[in-house]
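Student: Hey, I've just opened this one and I'm new to it. Can you walk me through it?

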Amino acid sequence: MSSSVFSVLSKFVAEYRRSTPAKLKVVDAYLLYILLTGALQFFYCVLVGTFPFNSFLSGFISCVGAFVLGVCLRIQINPQNKSEFLSLSPERAFADFLFAHAILHLVVVNFIG
Amino acid sequence: MALRGLHCVVLLALALGAQALTPSHHLSPADLDRLKAFLNQPFTDLESAYYSIVGLSKLGIAVSDEHAACQFLKSQLDPSNIDSLFFASEASQALSGCQIPLSNETRDLLLAAVSEDSTMSQIHRSVSTLSSLGLPVASQEVVSALTTRITKEDNVLAIILALQTASRLSQQAELGGILEEIEDLAARLDDLGGIYLQFEEGLEATAHFVTAAYALSDHVDIEPPLKEDQVVQLVNSVFSKKSWDSLSEAFSVASAAAAFSGNRFHIPVVVTSQGPAAVSHRQPMLQLQVTDILSQPLPSISVQVESAHAVASKSVVLSQAPFTLRDGIFELNFMDSQPASGYYQFAVAVTGDSRLVANHVEMKVKVSTEVAINNMDLSVVDKDQSIGTKTTRVEYPSKAKTSFTADSHQNFAMSFQLVDVNTGVELTPHQTFVRLHNQKTGQEVVFVAEPDSKNVYKFELDTAERKSEFDSISGTYALYLIVGDATLENPILWNVADVVLKFLDEEIPSVIQPKNLYVPKPEIKHLFRDPEKKPPTVVSNTFTALVLSPLLLLFILWIKLGANISNFSFTPSCILFHLGHAAMLGLMYVYWTQLNMFQTLKYLAIIGSLTFLAGNRMLAQKAVKRLASK
């Protein structure tokens, strides 16, 4: 059973390495970073309690928001999805990404206290 | 038969329901003196002279120096000015033997002023001047001019002046139209709480209205359309102010006062009691002063009590009893009716003149008496009633010779009766207290003695039950009886006896110092909120490093993936975009440390728009490059 899981995983990783364009791999690395940061923050909160709660929330929401925006960017610049985003160029996607992040940062910094 | 019964019931209801309003303000002799003193100011100009002279004459006294006043009027007179002529002529009429010089030009000037084109004030002043100088006035012309001006100047003050003017005209003239204005004006009065009736223009306007309305009504001999309650409310409004701001205000009040006390239709009556309305055996006479609003006695009136009933029992004590007049005061010996002590509601009626207004007055009269304590019996009763009681009788005001001892098996009992000294009737005053005072510790405990059904007061002290009130402190207590009431002339504080109380479980008597209540108490120190429990710094620092570590991982991955910035074109828009973006991130940090949202938004708008423009350009160039390379 475990061997089949392992073999599926290794196959998946190999396929990923082969067929994903470099640009998307860059974005994926960024997403992994965001994920780890958010997970570590949550782990800290579980360990020592929620004081100060607003700071924890703002940090965690920042990670979640950045992850979501990163996923959006990845979907939008994926050439396989081009049929769904005919009018949206990758540059436009990136510009949207930057704009949304500006607002996210504003809110996060306001709440961080 | 039933209809007759119904008729009686309706009349009775009306009679009971008609709670007539009585004046709550009038000019007492002190107020009158103050008004006279205020009016008697030295003259500054013709107008102030007019107010002083005419005002004082309305109150029935003359100016201090009539001759000097006349000289003043003559010297200040300006014969070409209607106002000046008005003040001088009216004031000279009030002085004896003062004549204003006349000339043909003056007369022509005055007659010319009577026209539809002059203001109401001018018409009023010229007509009044002509009338007081004894010159003929064309009444009908005046009436038509007044009527026209009333429609043009539709305000309260103008109509009041019209009324005044009409009262100076011949009685043959058609004054009916102007007379109707009284009713219209009365409808414009504001009712304040059912007590005051006044114009929103103020006290002067209300007072002048009163003067003018009664002047015109007297002149045409038709009763003004004012109800009794309205007259009383007008009295309240005019006389509620007891110190006046200006001569014109004082003059208006003096004129109104003269109008209220001297007109032919309504004379408001003021009934006040001489001193407090209370009678007793020493002071059996109820004394009333019945005057008009100038505190002057009313001629040929009779005062009688229509009914007097006790407030508590509603039984009628007196009916249709007349007051006797002695030295200007109306007296009635109320104690002749042998009233019990308490409060009585009197309905007093003043009759004798058909013009009297507010002549039914309700007043509350107190009858006080003296109390005596009878049959004061003190005893110590055993709780199980096995040992017979020993009763000691004590006579007021002496003290019992022996002291009484009561311990936890015994009750201390007291019984007495309170009677009216004069009538022997039993009394139940409001305050009957029994006070026990420990001389050593200063502690005192007060109980209430209650009467039973036969009006005998009983007090029982159960030593065991009441020990908490005494803090279980045994000792000698002085027993006092306190009797008091509003209708008692001799309140009583009587040290009846000494009582020795013995309690079980005696604590060491702490000397209770009542003064301890008022020394400064210990200071309360403010307790600041405890700061929240925080994890040790080591843990937080470790986690800070841990959270920053994925960034390292990111850079490693990116390098591994071959991400680079080799495509960085040094176009101005590109540089500007990156600078702007960096500035935005820097602004976020500054916002965290220093700024507030409004400032941040301001800066963000500036930097953001720059970055947007630059970024737009840069991305467009990138897109062109991408499409070209495809």
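Tutor: Let's go through a helix pair, a sheet and the cores.
Tutor: This is a predicted model, where local features need pLDDT of at least 70, side-chain atom pairs count only at pLDDT 80 or more, and totals for chains, interfaces and linings use all residues. Residues are numbered from 1 along each chain as its sequence is written, chains are lettered from A and ligands numbered from 1 in the order written, and side-chain values use heavy atoms, without hydrogens and water.

Student: OK, at what angle do H11(B) and H13(B) pack?
Tutor: About 35°, with the axes of H11 (residues 203–220) and H13 (residues 247–262) of chain B 8 Å apart. Helices here are DSSP runs of H or I with at least four residues, strands are E runs of at least two, and axes are lines fitted to C-alpha atoms, over the stretch in contact for helices, with angles from 0 to 180 degrees between N-to-C directions.

Student: New topic: what's the strand order in the open sheet?
Tutor: E4-E6-E10-E9 in chain B, with antiparallel pairing. Strands pair if DSSP finds at least two bridges between them.

Student: Which strands stand at the edges?
Tutor: E4 (270–273) and E9 (324–326) of chain B; each has a single partner strand, so one side of each lacks a neighbour in the sheet.

Student: And how many bridges join E9(B) and E10(B)?
Tutor: Three. Thr324(B) has Glu331(B) in E10(B) as its bridge partner.

Student: What does Leu35(B) touch?
Tutor: Beyond neighbours within four places in sequence, its contacts (heavy atoms within 4.5 Å) include Trp244(B) and Val253(B).
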